[in-house]
Amino acid sequence: MHIAWLGKKSPFCGNVTYSREVTNALLDRGYQVSFLHFRQDSHDTHTDTRATSIVSDASHDATACEVPLPCFYKSTLYTIPTLKSSKVLSEALRQLKPDLVHASLTLSPLDFVLPEICEELNLPLVATFHPPFDRRRRNLTSSTQHLMYQLYAPFLANYDRTIVFSHIQRDLLIQLGVPPERVAVIPNGVDALKYSPGASNLNAEIGAERIFVYQGRIALEKNVESLLKAWKHCEMGDRSQLLIVGDGPLAASFMATYHEEHGVRWLGYIADEQRRIEILRGADVFVLPSFVEGLSLSLLEAMSCGLACLATDAGADGEVLEDGAGVILNSQRVTAQLQTLLPLFRDHPEITSLLGYKARQRVLERYTLDKNITQLEELYAEVSGCSRNIAVSSA
């Protein structure tokens with residue numbers, strides 16, 4: 001089967017990771033994949049359908065067709081395409097003749113016209129809908145994300161299937177008018193062989209006995225300041241370090257207030273995946289204090305590496321940690337809760353070991369990339385079969 005994948009290659013975010021991991025796995029299973037993505041440089045104005053490397057992961061030998069789509073601007077949150085991008089996309093799909101189009105939605109105006117393009121070309125269309133959410137609108141950030149769901153719901157009803165990561169997300173879209181039969185729940189998955197417990201020199205490198213980690217964007221919706229306030233208040237001592245892995249608009253201001261004398265180390269964005277794995281393997285506790293989430297890949301990666309995990313009940317993260325796989329925080333009381341939990345996890349390594357084991361087991365039970373791809377294959381077969389039957393009936 002030939003899949004035309006519409007997604008992101010940059011800047012780095014969860015959507016980029018999702019596209020890379022899923023397309024590589026599809027290639028490994030023998031699928032043909034054409035990767036269509038937005039690009040801002042001067043070469044955007046032509047459609048290049050020559051076989052090129054699908055991702056920057058040099059360890060992956062497979063190649064696929066790659067098509068750049070012109071855009072004015074792209075960020076981790078949204079994309080602004082040029083006026084001719086829809087024409088470039090339509091012509092590329094016409095030439096490629098895929099069996100199915102899968103759009104890992106980039107929050108772009110092109111998302112709204114894609115169903116029309118695919119209907120005209122008689123192509124089955126699947127979407128993955130990534131925007132974070134909170135099951136309860138408890139603050140401005142979660143209310144804004146709810147508006148995004150309201151905006152997209154009428155258009156998602158025109159996709160053959162929309163993939164979301166949890167039943168909470170599915171229920172929300174159904175409440176907003178998307179037909180139930182058009183919403184599929186396929187959780188994010190992580191490569192549990194690659195992200196696994198293992199040896200690491202991090203303790204010696206950092207000079208700490210207990211290591212806590214946050215990994216993600218340093219932005220308002222991630223609520224990193226609540227973690228930093230709790231850490232500073234607890235005076236965790238010389239034996240413990242908090243590593244902040246990532247970058248974002250609030251990084252500079254936080255770095256000026258919370259620094260090494262408080263036991264906080266700012267490592268910035270780390271592109272090297274193996275280095276990120278080494279950090280997770282050497283750490284003890286992973287903390288994710290977000291106001292809103294989808295289903296955090298960073299959380300799943302930490303769980304798969306055997307870290308004890310604390311995360312808010314925003315998005316589907318609480319669902320991932322329920323029934324003892326981790327500690328679920330209330331997103332409105334993060335600082336107060338962490339002031340109790342951080343010293344507890346510092347002083348009782350047996351607790352972190354037990355929770356780390358349970359976290360790893362939860363990933364193996366529910367959230368492996370292999371299971372994710374198998375579910376995706378079943379959905380592709382179902383959608384392609386339905387579309388072929390409709391086409392035959394129409395004829």
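Here is a short conversation about a predicted model.

Colleague: Happy to meet this structure! What is the average pLDDT of the protein?

Modeller: Welcome! This is a predicted model, and 88% of its residues score at least 70 in pLDDT. Averaged over the protein, pLDDT is 88.

Colleague: Over which residues does pLDDT stay under 50 with one contact beyond four places in sequence?

Modeller: Two stretches are worth looking at here. Residues 42-63 stay under 50, but for them the model has 45 contacts beyond four places in sequence. Where pLDDT is low, the predicted coordinates should not be read in detail. The stretch with one such contact, also under 50, is residues 388-395.

Colleague: Thanks, I'll go gently there. Which strands stand at the edges of the open sheet of six strands?

Modeller: Follow the order of this open sheet, 12-11-10-13-14-15, in which the pairing is parallel. From one strand to the next, the twist averages 20 degrees. Two of the strands each have a single partner strand, so one side of each lacks a neighbour in the sheet; these are strand 12 and strand 15.

Colleague: Which residue is the bridge partner of Val 245?

Modeller: Val 245 takes us to the pairing of strand 11 (residues 240-245) with strand 12 (residues 264-268), two parallel strands joined by four bridges. In strand 12, the partner of Val 245 is Gly 268.

Colleague: And through which helix does the chain cross from strand 11 to strand 12?

Modeller: The connection is a β-α-β crossover, and it is right-handed. Between the two strands the chain passes through residues 251-257, which form helix 8.

Colleague: Which residue stands opposite Leu 288?

Modeller: Look at strand 13 (residues 285-288), which pairs with strand 14 (residues 308-312) over four bridges in the parallel sense. Opposite Leu 288, in strand 14, is Ala 311.

Colleague: What angle does the direction of helix 7 make with that of strand 11?

Modeller: Helix 7 (residues 224-234) packs on the sheet, where it touches strand 10, strand 11, strand 12 and strand 13. Its direction and that of strand 11 make an angle of about 165 degrees.

Colleague: One last pair: how many nonpolar residues are in the contact of helix 12 with helix 13?

Modeller: Helix 12 (residues 334-347) and helix 13 (residues 349-366) have axes 5 Å apart and an angle of about 95 degrees, which means that helix 12 is roughly perpendicular to helix 13. Leu 344, Phe 345 and Asp 347 of helix 12 meet Pro 349, Ile 351, Thr 352 and Leu 355 of helix 13. Among the residues of this contact, one is charged, one is polar and the nonpolar ones number five.

Definitions and conventions. Residues numbered from 1 in each chain as written. Predicted model: local features only at pLDDT ≥ 70, side-chain atom pairs only at ≥ 80, totals over all residues. Heavy atoms only, no water. Axes fitted to C-alpha atoms, helices over the stretch in contact; angles between N-to-C directions. Parallel < 35°, antiparallel > 145°, perpendicular 65-115°, else oblique. Contact = heavy atoms within 4.5 Å. Nonpolar A, V, L, I, M, F, W, Y, C, P; charged D, E, K, R; others polar. Pairing = 2+ DSSP bridges. Right-handed = clockwise from strand over helix to strand, strands pointing away. pLDDT = per-residue confidence, 0-100.
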